[in-house]
Structure formats: C-alpha cells, structure tokens
Amino acid sequence: MSTPEEYPKPQSLPSDMPQLGGGDDSAWIEVIQKMDSVYAELVESQVELEHKNEELEDAQQFISSVLASMTDVLIVCDMKGRIQQVNAALVKLTGTQETAFIEQTLEDIFSPQHHYLLDGIAEKLRSAQPSSDVEINILGTNGEQYPLSVNGSPLLDPRGKVVGVVLIGRPLGELQRAYQELDAAHKTLREAQQQLVFSEKMAALGRLVAGVAHELNNPISFVFGNMHALKSYGEKITEYLRAVEQEAHSPHLKNLHKQLRIKRIMDDIVPLVDGTLEGAERVSDIVQELRRFSGNQKEASESFGLKATLETAVSWVLRGAREQPEVFITCAEDVRVRARKGYVHQVVVNLLQNAVDAMDGQKDASITVACGQKSGRIAVIIHDNGSGIADADLPHIFEPFFTTRPIGQGTGLGLYVSYNLAKEMGGMLSCRNHPDGGAEFTFTLALGEEC
C-alpha cells in the first residue's frame with residue numbers, strides 16, 4: 001500500500017516567476033493551500049480504497065475456502081438457469097472441470113427425466129420460496145448419473161429482488177449411510193430399552209418366585225409329615241381290618257363289610273397314600289428348583305449319568321400330560337457329564353414340556369430324545385413330530401415372554417430360562433425345523449470341564 005510520502009507533492013513557485021497583482025502573493029497562497037487540501041483528500045481516499053480492497057480480498061479468500069471445504073454440492077445460477085459458480089464438491093463428484101460448468105444451463109447438467117423438477121424449483125424461487133429435498137440426477141463427464149437430494153434458495157440483490165438461484169445438493173449415498181447408521185442406533189437403543197424392561201420383569205418375577213417358594217415350603221413340609229404318619233396308620237388299620245375280617249362271623253359285620261366296601265378300602269388305602277407322597281415329593285422338588293432359580297446361590301457341578309436324568313425328566317413330564325405321546329430315549333448307559341444336575345434336568349423338562357404342548361390333540365404324537373458325543377462335547381437332541389415352528393417365530397423363540405399359546409396358557413419363560421441356564425453352564429441351546437417335520441432342539445454341554 002502506498003504512503004503519502006510516495007505521492008508527488010506540489011512544489012513552491014520559483015522566486016523569479018512573475019507576481020500577480022503587482023507583488024500581491026495572497027492569490028498564490030490561496031491556490032497552493034487549495035492544492036494541498038485536494039492532495040490530502042486524494043491520499044486519504046487512496047488509503048481507504050486500499051483498505052477496502054484488502055478486506056474484499058480477505059472476504060473473497062474466506063468464501064473460496066468455505067466453498068472448497070463443503071462436502072455438499074453448490075450451484076449458483078441466474079434466473080435463466082445459466083450457471084455462474086460451482087464448488088469443488090461438484091467437480092469431485094462428476095469429474096468435470098469447474099470452467100466447463102460456467103455458462104451452461106441447469107438442463108445441460110441434470111438428467112432429462114428430471115427437467116420437470118427444475119420447473120417446479122424455478123416457480124417456487126420466483127416467489128422467493130425455498131424448495132427442499134428434491135431428488136435429481138446430475139450428469140457426470142461420461143454420462144454417469146449421480147443422485148442428489150437438492151435444496152434450492154433464491155439469490156437476492158441488495159434491493160431484495162430475486163436475481164438467481166442457489167442450489168445445495170447432498171449425494172443420496174451419504175444420506176442413505178447416515179439414515180442406516182441412525183436406524184441402527186435407534187434399533188440398538190430400542191433393544192436396550194426392551195432388555196431393561198425384560199430384566200426388570202425377570203427381577204420382579206425372581207422376587208415373586210422366591211416368596212412363593214418360601215411360602216409353599218412350610219405347608220409342603222406339613223403335608224409330608226402328615227402323610228408319613230397317615231401311611232403308618234393306614235398300614236396298621238389295614239392289618240387290623242384283615243384280622244377282624246378273618247374272625248368276623250356276625251351277619252351284621254358281614255353286611256357292614258359289604259356295604260362299606262371295606263375290602264376295596266383295604267386294597268386302595270396304601271397305594272393312595274403312596275401316590276400322595278410321590279406327588280408331595282414332586283411339589284417339593286419343584287419348590288427347590290424355584291428357590292434355586294430365584295436365588296443368587298449356584299448349584300455345584302457334579303458327575304452324573306445322563307440317561308437316568310433324561311428318564312426322570314421324561315417321567316415328570318408324562319405324569320402331568322393330558323395326552324401322553326410316545327417317547328423314545330436313545331442314550332448309552334455309560335454317558336456321564338459333569339455339570340449342574342438340577343440345571344440339566346430343568347432344561348430337559350422345559351424342552352419336553354414344550355414339545356408336548358406343541359402336539360396337544362395330535363394323534364400318533366411322538367418325541368425322540370437322543371444324545372451323542374463329538375469333539376469333547378455332548379448334545380441332547382429332542383425332536384417331536386408336530387407341525388414345527390413358524391419361520392417368523394424362529395428368531396424370537398428364546399426371547400422372554402414370547403409365546404404362541406393363547407393368553408393364560410403360557411408364560412413364555414420356559415425356553416428363555418432354559419437358554420440362559422445352558423449358557424451359564426458353558427453350553428448352548430439351539431432350535432430348528434427338522435427336514436422330516438417337527439421341531440428339533442439341540443442342547444449341548446461341555447465334557448470334562450467344571451461348569
């Protein structure tokens with residue numbers, strides 16, 4: 001920038017120059033003062049002009065850097081659609097040099113099938129209304145088409161008159177990736193919320209089960225004590241009645257014996273007591289399983305024969321089944337596992353009960369329970385000949401509270417609990433539809449490891 005010293009300053013008049021007005025210097029002095037004033041104003045104007053020029057250059061550099069750093073496409077054109085300016089993002093996307101766009105029209109660079117969209121944008125912008133989210137394909141150097149989501153805004157002059165159009169476009173590939181990431185984050189959040197709800201439900205269920213098991217334990221103990229005493233009394237009464245029967249010759253006693261069906265009572269009293277005791281023992285076992293399930297304590301691992309556990313589980317389920325299917329167990333006597341016996345029993349019972357429920361009312365229902373060993377692991381496979389599981393339900397079969405049974409006939413917790421018990425023992429529980437029909441559950445366990 002020039003300084004005042006760089007501009008030539010008016011020189012004083014030479015002493016031998018003729019004097020105006022017969023030696024009066026006042027007119028010359030006034031002229032020189034005017035020249036000095038004009039010179040000072042000229043210098044001041046030049047300095048201010050150069051300051052403005054520097055500010056303009058800085059602003060231009062700032063705008064250029066902003067346009068160069070934009071990832072969205074920018075196109076500026078006049079009201080006739082002639083392009084005045086584009087940014088580096090458009091050059092990078094299409095592979096066309098910036099100078100090639102200048103003075104082209106929007107119809108030249110956009111796909112012909114989308115020209116009608118340009119008319120709609122222009123109509124809105126003439127009334128100073130913005131246009132948003134218009135999908136248009138822009139043409140590349142070799143005729144390739146790049147889809148953009150375009151937003152348009154009117155370009156105004158200092159008087160507020162619409163003189164052009166500013167188009168901002170984002171490649172749809174970026175938007176799709178952003179939407180996919182947002183959708184994935186939303187799904188993750190929703191699953192986390194559902195898991196929190198399920199966890200709270202399970203915690204509440206655990207507290208309820210613990211309370212129920214505790215309350216049931218006392219009356220079950222009472223029933224056990226009474227039934228053992230009743231069994232002893234029944235045996236003694238039966239022995240006495242038999243003795244009386246042998247020595248009773250009175251017609252009255254004989255008639256009373258026949259009328260009261262004493263012989264039938266003598267034959268039934270002991271089996272009835274035995275059956276009641278067996279049922280009480282089963283209830284007691286269920287209570288213990290509930291307490292184990294709801295409590296924080298873990299059952300210790302032990303070595304046990306797998307076949308006996310499978311047979312016990314089958315016996316439990318069939319006793320309570322309304323219609324008993326045929327059950328075939330294929331397992332060698334010498335197969336032993338080291339795991340939590342109560343857990344294995346509970347998982348197998350749940351799987352068998354699920355199979356029985358699935359075949360409710362079906363004729364010729366059957367269940368196959370097989371086990372095999374491979375690569376240090378053992379698999380218990382339970383296959384029924386029912387209708388199988390719907391494809392839409394397979395991904396949700398182990399979710400808590402998921403059930404296909406009518407309301408009030410299933411909690412949707414059996415398979416969920418079984419799945420988690422299997423994982424806790426270092427095993428796995430999976431399900432599929434068997435190629436020959438019916439559902440097949442595979443329960444795998446590790447051998448020779450502490451669980």
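## A first look at the fold

Of the 451 residues in the protein, 31% are buried. The model you are looking at is predicted, and its chain is built with 11 helices and 12 strands. The accessible surface amounts to about 28700 Å², with carbon and sulfur atoms contributing 54% of that area. Among contacts with a separation of 6 or more, 60% join residues 24 or more positions apart.

Let us now turn to one sheet and its helices. How many strands does this open sheet have, and in what order do they come? There are 5 strands, in the order β7-β9-β10-β12-β11, and their pairing is mixed. At the edges sit β7 and β11, each of which pairs on one side only. On average, neighbouring strands are turned by 15° against each other, with direction ignored.

Here is where to find the strands along the chain:

| Strand | Residues |
|---|---|
| β7 | 326–330 |
| β9 | 366–374 |
| β10 | 377–384 |
| β11 | 428–433 |
| β12 | 439–446 |

Start at the β7 edge. This strand pairs with β9 in the parallel sense, over 5 bridges. One pair to look for is Glu326 and its bridge partner Ser366, which lies in β9.

Next come the helices. Which strands does helix α10 touch? Helix α10, residues 341–358, packs on the sheet and touches β9, β10, β11 and β12. The direction of α10 makes about 175° with that of β12. Helix α11, residues 414–424, lies across β11 and β12, and α11 runs at about 135° to β11.

How values were computed:
Residues are numbered from 1 along each chain as its sequence is written. This is a predicted model: local features need pLDDT of at least 70, side-chain atom pairs count only at pLDDT 80 or more; totals for chains, interfaces and linings use all residues. Side-chain values use heavy atoms; hydrogens and water are left out. Two strands pair if DSSP finds at least two bridges between them. Helices (H or I, at least four residues) and strands (E, at least two) are DSSP runs, numbered from the N terminus. Axes are lines fitted to C-alpha atoms, for helices over the stretch in contact, and angles run from 0 to 180 degrees between N-to-C directions. Contact means heavy atoms within 4.5 Å. Buried means under 20% relative accessible area, exposed over 50%, partly exposed in between (1.4 Å probe, protein chains only). Accessible areas come from the Shrake-Rupley method with a 1.4 Å probe; for residues, only the protein chains shown count as cover.
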